[in-house]
Amino acid sequence: TADGGAWCFALLQNNTNDFFENVSAQVILLAPSGETAASQTAFLPLDILPPNASLPVFTFFPNAPSNATMQVQILSAVPFDGTGYLPASLNNVVAQISWNGLTAKVSGEIYLPPESKAAAQTRIAAVAYDKGGQVVGLKQWDGGAMQPGEKAVFSFQVSSLGAAISRIEYAVQSR
């Protein structure tokens, strides 16, 4: 960032058929000499990492050393059967990327099926990628409670912290 901070993203891939909850990772910034300059725990934007999905852990270092490199080590990932999460889905999702690629407006609907229980919380993670597939931005949107059979409209903006946004991927969670 302009004030000497650094946002760090590390994309975690779940290549299994299991859900994982309480996912965290240690993000370590190394000085050019190889010494540890800073270290923090990073978390996903959602509480779960679904099967065959990817989400980034993220953290912010307010005083990042220049020319630092990043190392990531997974600290926790608890497998579970998905119990407690509801089958919410996203419909009619549109991403409008700005002319310079540095922001994108995303909008659409969250749908909770009629056979579902009521949701106390709904959340969307929108992950922005550059043309090389690197995470360049992330937005977590909280939508609140929903009733079964209900649709909720969402609209928010995602910004890039680096290169131009090429595409956006979404994940939804409802509890």
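This passage describes the fold, the buried positions, the charged pairs and the aromatic pairs of a predicted model.

The overall architecture is a good place to start. The secondary structure of the chain comes to 0 helices and 12 strands, so the run of elements from the N terminus on reads β-β-β-β-β-β-β-β-β-β-β-β. With a radius of gyration of 17 Å, close to the 16 Å given by the globule rule for 175 residues, the chain is as compact as a globular protein of that length. The C-alpha trace spans about 60 × 40 × 25 Å along its principal axes. Of the 175 residues, 39% count as buried. Among the contacts with a separation of 6 or more, 71% are accounted for by residues 24 or more positions apart.

Two buried positions show how such contacts look at the level of single residues. P56 is found in strand β5 and, at 0% relative accessibility, counts as buried. The residues touched by P56, leaving aside those up to four places away in sequence, are F9, A10, L11, L12, F43, L44, P45, V127, V135 and L138. One of these, L12, is 44 residues from P56 in sequence, and yet the two C-alpha atoms are 5.6 Å apart in space.

L112, in turn, is found in a loop, the one between β8 (103-111) and β9 (122-129). What is the relative accessible area of this loop residue? The value for L112 is 0%, and because buried means under 20%, L112 counts as buried. Its contacts, again not counting residues up to four places away in sequence, are with L86, A88, K117, A118, A119, M146, Q147, P148, G149, E150 and S174. L112 and G149 are 37 residues apart in sequence, with a C-alpha to C-alpha distance of 5.4 Å.

Charged side chains come next. The model holds 4 salt bridges, and D47, R123, D142 and R175 are linked in a network of them. R123 takes part in this network through a salt bridge with D47, in which the closest N and O atoms are 3.9 Å apart. This pair links distant parts of the chain, with R123 in strand β9 and D47 in the loop between β3 (36-43) and β4 (48-49), 76 residues apart. R123 also forms a salt bridge with D142, and here the closest N and O atoms are 2.5 Å apart. The R123 and D142 pair likewise links distant parts of the chain, as D142 lies in strand β10 (residues 135-142), 19 residues from R123. As for accessibility, R123 is buried, with a relative accessible area of 13%, whereas D47 is partly exposed at 26% and D142 is partly exposed at 45%.

Where does E21 stand in relation to these charges? E21 is found in strand β2 (residues 19-30) and is buried yet has no salt bridge. The nearest side chain of opposite charge is that of R175, 4.3 Å away; a salt bridge needs nitrogen and oxygen within 4 Å, so the pair does not count as one. R175 is nonetheless among the residues that E21 touches, together with D47, I48, A77, V78, F80 and Y85, not counting residues up to four places away in sequence.

A further salt bridge joins the side chains of R167 and E169, at 2.4 Å from N to O. R167 is partly exposed, with a relative accessible area of 35%, and E169 is partly exposed at 35%. R167 also lies over the face of Y129, at 4.1 Å from the ring centre.

Turning to the rings themselves, the structure holds 7 aromatic pairs. One of them, formed by W7 and F60, is tilted, with 5.0 Å centre to centre and 50 degrees between the planes. This pair links distant parts of the chain, W7 being in strand β1 (residues 6-14) and F60 in strand β5 (residues 53-61), 53 residues apart. W7 counts as partly exposed at 41% relative accessibility, and F60 is partly exposed at 28%. Ring pairs link W7, F58 and F60 into a cluster.

Finally, two asparagines deserve a look for their backbone angles. N22, in strand β2, has a phi near 55 degrees, a positive value in a residue other than glycine. N92, in strand β7 (residues 89-97), has a positive phi near 50 degrees and counts as exposed at 59% relative accessibility.

Key
Residues numbered from 1 in each chain as written. Predicted model: local features only at pLDDT ≥ 70, side-chain atom pairs only at ≥ 80, totals over all residues. Heavy atoms only, no water. Helix = DSSP H or I, 4+ residues; strand = E, 2+ residues; numbered from the N terminus. Buried < 20%, exposed > 50% of the residue type's maximum accessible area, 1.4 Å probe, protein only. Contact = heavy atoms within 4.5 Å. Phe/Tyr/Trp six-rings, centres within 6.5 Å; stacked < 30°, edge-to-face > 60°. Lys NZ or Arg CZ within 6 Å of the ring centre and 35° of its normal. Lys, Arg positive; Asp, Glu negative; His and termini not counted. Rg over C-alpha atoms; globule rule 2.2 N^0.38 Å.
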